[in-house]
Structures are given as structure tokens and as C-alpha cells.
Amino acid sequence: MSRVNVILALVLVACALAVVQAQHRARTYFVELERLKKEAHGLDEQWGQLQLEQGTWANPARIDTIARTRLGLVAPPHDRVRIETVTGAP
Amino acid sequence: MNYHSRKLLKLNLAPWRMATVGALLLAGLVMVGGRAFYLQGINTDYLQGKGDAVANRNLTLPAHRGQVTDRHGQLLAISTPVESLWARPADLALTPDQVAHLARVLDLSPADLSTILAHKTRGEFAVRRPLTPEQAVKVAAMGLPGLSLRREFRRYYPAGEVTAQVVGFTNVDDKGQEGVERAYQDWLAGRAGERQILRDRHGNAIRDLAPIKTAQMGGNLTLSIDLRIQYLAYRELTAAVAKHKAKGGSIVVLDAKTGEILALANQPGFNPNNRQNYKPDLMRNRAVIDTFEPGSTIKPFVAAAVLERGLFRPDSVIDTPDDFRVGNKLVRDDHHHDRLTVTQIIQVSSNIGAAKMAMTLTPQQHWEVLHRAGFGQLPGSGFPGESAGRLRDPRTWKPVEQATMAYGYGLSVSLLQLSRAYMAFANDGEVMPLSFLKREPQEITGERVFSAHVAREVRAMMEAVTQEGGTGTLTRVPGYRVAGKTGTAHKLVDGRYSPNRYLASFIGMAPASNPRLIIGVAIDEPMDGVYYGGSVAGPVFAQVMAGSLRMLGLPPDAPETETKMTENTSSTKGGA
């Protein structure tokens with residue numbers, strides 16, 4: 001009888017320790033999850049800002065000015081353009 | 001053992017001292033017990049609340065507004081977080097040094113900053129919103145008492161002025177005020193979520209106390225606008241308005257096959273990223289909201305009406321005497337011709353010819369054609385504040401009104417509406433529903449306005465407009481066949497037709513063999529002496545059409561011999 005009690009007591013202690021351990025692990029993982037969520041959020045914002053930056057660089061008005069003034073490009077005159085129609089699969 | 005019996009250990013205390021100490025100890029116990037009972041039992045809710053306030057937090061999960069992009073994914077509007085600087089007057093205690101430093105960061109004079117900070121208010125107020133990212137880092141590093149950074153979403157419009165009136169803008173509360181931002185407010189707006197968390201001593205979240213209400217991000221929107229064409233249209237329109245010292249102008253580019261609006265620009269414009277010189281007049285989308293009397297651009301509809309009823313054929317000859325009267329009103333042409341075919345009436349834009357054709361119709365028949373073409377009805381683009389124009393009940397038409405209506409007076413249209421109606425000619429009689437959103441080709445069904453046969457005949461007449469002898473020779477695009485119609489309308493000023501204020505317009509389509517694009521241009525009050533639609537609006541059309549056809553890679557349809565650009569003669573005079 002007393003032996004059973006001792007074993008049960010030991011099991012109880014083990015369980016209690018396991019609960020503590022599990023709780024601790026849960027918290028650690030939760031903190032980790034929070035950190036990653038924050039990181040994802042931050043990356044999302046960065047993505048938005050980069051898109052904005054890209055949109056600003058790709059502004060047609062800017063490209064137009066650079067192409068004309070700095071690079072000296074012109075639209076080809078009509079008689080220099082030939083339109084080819086592709087027929088069939090390549 | 002009996003301690004009392006030992007002499008040495010016998011306590012010789014007066015009983016009152018025992019009683020006093022005993023009473024004091026008891027009183028202490030009662031006090032502690034009472035206090036514990038008070039805190040645990042009676043005051044527990046309050047204290048629990050205090051404790052929760054420290055450990056529990058309600059977080060709002062921010063939801064940002066959706067993006068708006070053009071049809072190829074180019075960004076037109078995006079919300080991105082920015083920091084702004086807020087002050088709480090109660091906690092403000094800055095040394096002069098700190099003020100000077102902060103002023104340097106914010107690009108202010110210390111005196112100005114002091115005035116701002118002296119602002120008396122109960123809660124918090126914004127010192128600067130938004131800060132640039134560099135400023136935010138510097139201010140955060142200073143760690144000043146009473147000043148805090150707050151994160152907010154701000155909306156940016158990378159294309160700026162070019163798409164200003166179409167995309168519109170939002171107010172401080174992120175609510176759409178104009179344009180697409182307003183029309184699709186519900187779709188674009190996000191819904192903020194909420195979560196309750198338990199925090200530890202360091203302020204880290206430990207666990208969720210309640211199920212998370214996830215934030216609903218705003219939906220993204222892909223417009224039908226093609227930013228490259230939009231930019232081209234905006235650039236050419238702006239140049240033309242400046243060149244002709246005009247009051248304003250609009251341009252619409254439609255995909256004739258799908259009804260999508262590929263570009264829509266107006267002048268004057270504004271920059272939605274910087275609204276300090278906010279003037280409501282500048283942000284009006286004139287092409288959709290403003291109406292005007294269309295003038296000669298209405299004539300193709302009269303021609304279509306008489307062709308459809310078999311009253312005339314394109315080569316029927318009509319006398320156009322210069323003393324043609326309806327009632328007591330003399331109908332005039334700028335250039336006299338004795339007789340013209342129906343095609344020539346369109347080509348040289350004869351008012352007399354158009355009026356004579358219209359008079360062969362009953363008012364009801366005449367009205368029906370205009371009604372079917374969508375005049376007097378909302379064009380259905382879904383744009384806020386869209387205007388239906390005006391088309392009166394035919395039972396109230398007097399003969400003279402019917403005659404003037406044949407050359408575009410007595411009814412009003414918006415440029416978008418007029419361009420939409422031209423889809424009937426471009427698309428073999430079918431008008432596609434307009435759309436500001438990109439759409440898949442299979443989801444469209446058109447509405448038949450004319451028979452394919454009539455639409456083609458009228459298109460051929462409109463092609464003559466751009467050929468030698470027509471009013472629109474400046475609208476030619478090398479390599480392509482172009483069809484269109486010029487319009488030069490006297491403006492109604494204070495109830496009278498002004499002799500020198502005009503609205504010059506041109507609506508055209510290309511490639512004429514199978515039109516893919518419709519472009520409508522209207523220039524309001526050109527003031528440099530040139531005012532004919534063909535010479536003011538025509539060149540804008542030609543430039544934008546040439547560029548757009550190239551961008552879309554459409555094969556030229558003009559015969560090789562004609563592809564050499566014929567010299568643009570100055571014979572661009574036309575009817576009013």
C-alpha cells in the first residue's frame with residue numbers, strides 16, 4: 001500500500017514538472033511566434049515601401065525625361081518600323 | 001514541568017500589561033484581516049481591473065487600405081506606414097538644448113518649435129505628421145519626455161498628377177473622397193482586427209486571452225487604366241492646353257472591343273500627394289462630370305439614323321443652299337457648297353446638310369437614335385458624380401430645335417458619354433459597357449445600337465473626315481487608317497452663344513479597318529486664335545493614337561503607298 005503511494009507521489013511530481021516544462025515551452029514558442037509575426041509584418045511594410053519606391057522610379061514622366069534628355073532616345077519614325085506577324089508555334 | 005512553580009522563572013507581570021499587549025496584538029490581527037478582507041472581498045473588482053490593466057492588453061491589429069494598380073500592375077495608390085510625432089503637454093519638459101536639437105531634426109527654427117510645443121490642449125496633439133523615416137529614427141533616439149512617435153498609414157500616389165482625377169484621394173481618416181478611392185471605398189477599406197494578450201514584466205506577449213479577431217486587409221484593385229497610355233494622353237493634353245491657352249481639356253481613351261477605359265486625363269490637374277493648395281475645381285473629373293454641347297461630333301448619329309431608315313444612302317446627293325431656313329432660323333455653314341453627298345456632309349461637317357437630313361425624321365425617330373446611343377442616360381462607368389447629360393423629351397421639340405440638334409446644339413453630353421457612343425461605330429454597331437476596372441474579355445456582352453452594315457458605312461464616312469478635303473486632316477496617324485469626327489461648338493455663356501468662346505473636340509478611332517481604340521479629346525476655350533476641333537483637338541488625338549497603337553503593337557492597316565505621311569496642309573477649316 002505504501003509502495004503504491006510512493007510511486008503515485010513520484011508520478012505526481014513528474015507530472016507537475018512536465019506541466020511546468022510544457023508551460024515554459026508554450027511561452028517560449030509563443031514569444032517566438034510573436035517575434036516572427038512582427039518580422040513578417042515588418043517585411044510586409046518594407047515590401048510596400050519598396051513597391052512605392054519602384055513605382056516612383058518607374059514613373060513614366062521620369063523615364064520619358066531621362067530617355068529624351070540624358071540618353072537622347074527618340075521614337076523610331078514610322079517608316080523604320082516593320083511589324084512582323086508570327087505564325088505557328090516557335 | 002511547571003514553570004510557575006519555579007521561583008526563578010516566575011513572571012512577575014501586572015495583569016494589565018498582559019491585557020494591553022494582548023489587545024494590541026489582537027487589534028493588529030483584526031486590522032490585517034480586515035484589510036485583507038477589504039482588498040480580496042469588497043474591493044476585488046477594482047484591483048483585478050488594475051492588475052489586468054498592467055498585464056492584459058487589447059491590441060488593435062491595423063488593417064491597411066488596398067492598393068490600386070493599373071492594368072499591368074503599376075502602382076497608382078498604396079498605403080504605407082509612417083511615423084508621426086505627437087506631444088502630451090502635461091508631460092512636456094524640454095530643456096532649451098533639447099528644443100534646439102529637435103528643431104534641427106524637424107527643420108524648424110527653435111522659436112517656431114517652441115510656439116508649436118506651447119500649444120495648450122488636454123490630450124495629445126500632432127507636432128509633425130508625417131515624419132520622414134530618417135527624422136523618426138533621430139527623434140526616437142533622443143527619447144524626449146512627453147513626445148512620442150505614433151505609427152499611421154499614409155496613402156501615396158506614385159503617378160501623381162497623371163492619374164489624379166481618376167484615382168482620386170482619401171482624407172485624413174483614410175476614407176475615399178474622390179474618384180476610384182470613393183467609388184470602391186468599401187472594397188479598398190480594411191477592417192481593423194483585435195486581440196487580447198497577457199504580458200509579462202518586459203511587455204512581451206505571453207498568451208492570447210481571447211480568440212483573435214483577425215484584421216481584414218483592404219482589397220486590391222486593378223484598374224483598366226494603362227499607365228503608359230495614360231501618361232502619354234496626359235502629356236499631350238497638357239501641352240495642347242498650354243499651347244492654345246485653353247481654360248481646360250479632357251481626353252478619354254477607350255478599348256473599343258471591351259469598353260475598358262484605358263486612359264482618362266483632365267486639365268487643369270492637381271497633385272494628390274500634396275494637397276495644400278486644395279481647390280475642388282481642380283480635382284473635378286471633367287471628362288465624366290462636366291457636360292457640353294457636342295456640336296458637329298453628333299452628326300454621325302444623324303447620318304446613321306437616316307441610313308438605317310433607308311431614307312438616304314452614303315452617296316445620295318443633298319442640296320445645301322446657303323439660305324436654308326427652319327422656321328425663321330437661318331442654318332449656316334462656314335464654307336458654302338451647293339450640293340453634297342451624305343459622306344461629304346460628314347466630311348466637311350455641313351450644318352445645312354445635317355439639318356436637312358434630320359428634318360426627314362420625326363422628332364421621335366431622331367430622339368430614339370440618340371437615346372439608344374446613350375445620350376441623356378448615365379454612361380454607367382460607376383464613377384462617382386457621373387453625369388447623364390441632357391436630352392429632352394421629343395414631344396417638346398420644335399422643328400428649329402430638331403434642326404439645331406442635328407449639328408449638336410440643344411443637348412448636352414459628357415466626353416466619356418460621347419466617346420462611349422462612338423463605340424457603336426467602332427464596334428460594328430455594338431456598344432460595350434464602360435469599365436474603370438480591368439475585365440476579362442469573356443464577361444462582356446454588348447448592346448446593339450446600329451446594324452453592323454450602317455455602322456460600317458458611317459465609319460467609312462468618318463474616315464473621309466481625315467482624308468484630303470475633310471475637317472480632320474491633322475488627325476492622321478502614319479501607317480494606320482483613322483476615322484473620326486471634328487466638333488467646334490460655340491459655348492453657351494450666360495444664356496447666349498458666345499461668338500468667340502469655343503469647345504474644340506475630336507472623337508476618333510483606329511485602325512479604321514477594325515477599330516481597337518477610341519480617343520475623345522475636348523479642349524475648352526482655346527484662346528490663341530485657332531479654335532477648330534480639327535486643329536486644336538485633332539493633333540492631340542493623332543499623337544496619343546500613334547503612341548498607343550505602337551504600345552499595343554497593332555499592325556498597320558493602311559496600304560503601303562499611303563503610309564508615307566502626306567504633308568499636313570492647313571486646310572483644316574470645318575463646320576461649326
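**Figure 1. Residues that join helices α9 and α19 of chain B in the predicted model.** On the α9(B) side, B:R228, B:I229, B:L232, B:A233, B:E236, B:L237 and B:A240 take part; they meet B:V540, B:Q543, B:V544, B:G547, B:S548 and B:M551 of α19(B). Sorted by class, this contact of α9(B) with α19(B) holds eight nonpolar, three polar and two charged residues. Helix α9 spans residues 227-243 of chain B and helix α19 spans residues 538-552 of chain B, and their axes lie 9 Å apart. The packing angle is about 165 degrees. Angles over 145 degrees count as roughly antiparallel, and α9(B) and α19(B) are therefore roughly antiparallel to each other. Their crossing is right-handed.

**Figure 2. Surroundings of B:P272, in a loop of chain B.** The loop that holds B:P272 runs between β10 (261-267) and α10 (286-289) of chain B. Although placed in a loop, B:P272 is buried, with 26 other C-beta atoms within 10 Å; the cut-off for a buried residue is 20 or more. When neighbours within four places in sequence are left aside, B:P272 is in contact with B:Y157, B:G160, B:A164 and B:F169. B:F292 stands 20 residues from B:P272 along the chain, and the C-alpha atoms of the two are separated by 27 Å.

**Figure 3. Buried residues of helix α15 of chain B and the elements against which they pack.** Helix α15 comprises residues 399-406 of chain B, and its buried residues are B:Q402, B:A403, B:T404, B:M405 and B:A406. These buried residues of α15(B) pack against three helices and one strand of chain B, namely α11 (299-308), α13 (351-358), α14 (363-372) and β12 (325-326). Just after α15(B), B:G408 adopts a positive phi of about 90 degrees.

**Figure 4. Contact between chain A and chain B.** In this view, 19 residues of chain A are in contact with 21 residues of chain B. On the side of chain A that touches chain B, the elements giving two or more residues are α1 (2-57) and α2 (60-70) of chain A. The largest share of that side, 11 residues, is supplied by α1(A). By class, the residues of chain A on this side divide into seven nonpolar, eight polar and four charged.

**Figure 5. Overall form of chain A.** Chain A has two helices and zero strands. Its radius of gyration is 34 Å, well over the 12 Å that the globule rule gives for 90 residues, so chain A is more spread out than a compact globule. Along the principal axes, the C-alpha atoms of chain A fill a box of roughly 105 × 40 × 15 Å. Of the 90 residues in chain A, 1% are buried.

**Figure 6. Overall form of chain B.** Chain B contains 19 helices and 19 strands. The C-alpha atoms of chain B occupy a box of roughly 155 × 50 × 50 Å, taken along the principal axes. Chain B has a radius of gyration of 37 Å, whereas a compact globule of 576 residues would have one near 25 Å. Buried residues account for 45% of the 576 residues in chain B. Of the contacts in chain B between residues at least 6 apart in sequence, 73% join residues at least 24 apart.

Definitions and conventions: Residues numbered from 1 in each chain as written. Chains lettered and ligands numbered in written order. Predicted model: local features only at pLDDT ≥ 70, side-chain atom pairs only at ≥ 80, totals over all residues. Axes fitted to C-alpha atoms, helices over the stretch in contact; angles between N-to-C directions. Helix = DSSP H or I, 4+ residues; strand = E, 2+ residues; numbered from the N terminus. Parallel < 35°, antiparallel > 145°, perpendicular 65-115°, else oblique. Left-handed = near helix turned anticlockwise from the far one by under 90°. Contact = placed C-beta atoms within 7 Å. Nonpolar A, V, L, I, M, F, W, Y, C, P; charged D, E, K, R; others polar. Buried ≥ 20, exposed ≤ 12 C-beta atoms within 10 Å, placed from the backbone. Rg over C-alpha atoms; globule rule 2.2 N^0.38 Å.
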